[in-house]
Amino acid sequence: MAVSLTPIRRIAPGNKWRRIATRSTRTMLALAGGYLIAAAYIRLLAAGLSKLGLNPGEAAYFGLMSGLVLYVVYALWVAATRFLARMVGGTVVAVLSLNVLSSTLASSGI
């Protein structure tokens, strides 16, 4: 059995920490951004369905159940998206639009 003297491909120190930073950023964005999007979505559904005549407790419960599904879908999207700017931008736009829409719906007399 011959021993090879060629070194195993080593990870450069800068690349190792860059990958660790990228993974931790994605994880934190998935946790915090998913929470913010799910909370805004739950608020929107609770306000909208109660305006349509559903019991407010049932509307909030339905929003909570579907918000959990949205949280998982968002976490998968964060893991699949290549660019950090696209993740952050999409999160900010989604959270702001859901909050504006839900506050408008809650304050209007529909």
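This presentation describes the predicted model of one protein chain, from its overall layout to a few individual residues.

Allow me to begin with the conventions. Residues are numbered from 1 along each chain as its sequence is written, side-chain values use heavy atoms, and hydrogens and water are left out. Because the model is predicted, local features need pLDDT of at least 70 and side-chain atom pairs count only at pLDDT 80 or more, while totals for chains, interfaces and linings use all residues.

I turn first to confidence. The term pLDDT denotes the predictor's confidence in each residue, from 0 to 100. Over the chain its mean is 85, and 85% of the residues reach 70 or more. Of the elements, α2 has the highest mean pLDDT, at 93, and α1 the lowest, at 88. As a general caution, where pLDDT is low, the predicted coordinates should not be read in detail.

Next, the layout. The chain contains three helices and zero strands, in the order α-α-α from the N terminus. Here helices (H or I, at least four residues) and strands (E, at least two) are DSSP runs, numbered from the N terminus. The helices are α1 (13-51), α2 (56-80) and α3 (84-107).

How do the end-to-end spans of the helices compare with expectation? The expected span is 1.5 Å times one less than the number of residues. For α2, with 25 residues, the distance from first to last C-alpha is 35 Å, close to the expected 36 Å. For α3, the 24 residues should span 34 Å, and the end C-alpha atoms are 35 Å apart, which agrees.

Contacts give another view of the chain. A contact means heavy atoms within 4.5 Å. Among contacts with a separation of 6 or more, 72% are between residues 24 or more positions apart.

We come now to burial. Buried means under 20% relative accessible area, exposed means over 50%, and partly exposed lies in between (1.4 Å probe, protein chains only). Of the 110 residues in the chain, 25% are buried. In α2 the buried residues are A59, G63, S66, G67, Y74 and V78; in α3 they are M87, T91, V95, L98, S102 and L105.

Which residues form the largest nonpolar core? It has twelve: L29, A30, I37, A40, L44, A47, Y74, V78, M87, V95, L98 and L105. Each of α1, α2 and α3 supplies at least two of them, and α1 gives the largest share, six residues. By definition, such a core is a set of buried Ala, Val, Leu, Ile, Met, Phe, Trp, Tyr and Cys residues joined through side-chain atoms within 4.5 Å. In soluble globular proteins, nonpolar side chains tend to be buried together.

Let us look at Y74, a member of this core. Y74 is buried, with a relative accessible area of 6%, whereas W77, at 32%, counts as partly exposed. Both lie in α2, three residues apart, about one turn of the helix. The structure holds one aromatic pair. In that pair, the rings of Y74 and W77 have their centres 5.8 Å apart and their planes at 45 degrees, so the pair is tilted. Rings of Phe, Tyr and Trp (its six-membered ring) pair if their centres lie within 6.5 Å; planes under 30 degrees apart count as stacked, over 60 as edge-to-face and the rest as tilted.

What joins the side chains of Y74 and T91? A polar contact of 2.4 Å does so; the term covers a pair of N or O atoms within 3.5 Å, where within protein one must be able to donate a hydrogen and the other to accept it, and residues adjacent in sequence count only if both atoms are side-chain atoms. T91 is found in helix α3 and is buried, at 7% relative accessible area. Beyond four places in sequence, T91 is in contact with L29, G33, I37, Y74 and W77.

Further along α3 lies S102. Is S102 buried or exposed? S102 is buried, with a relative accessible area of 0%. The side chain of S102 reaches the backbone oxygen of N99 at 3.1 Å. Not counting residues up to four places away in sequence, S102 touches R43, L44 and A47. With the same neighbours set aside, A47 is in contact with S102, L105 and A106.

Finally, the loop between α1 and α2 holds L54. L54 is partly exposed at 35% relative accessibility, and touches L49 and A59, apart from residues up to four places away in sequence.
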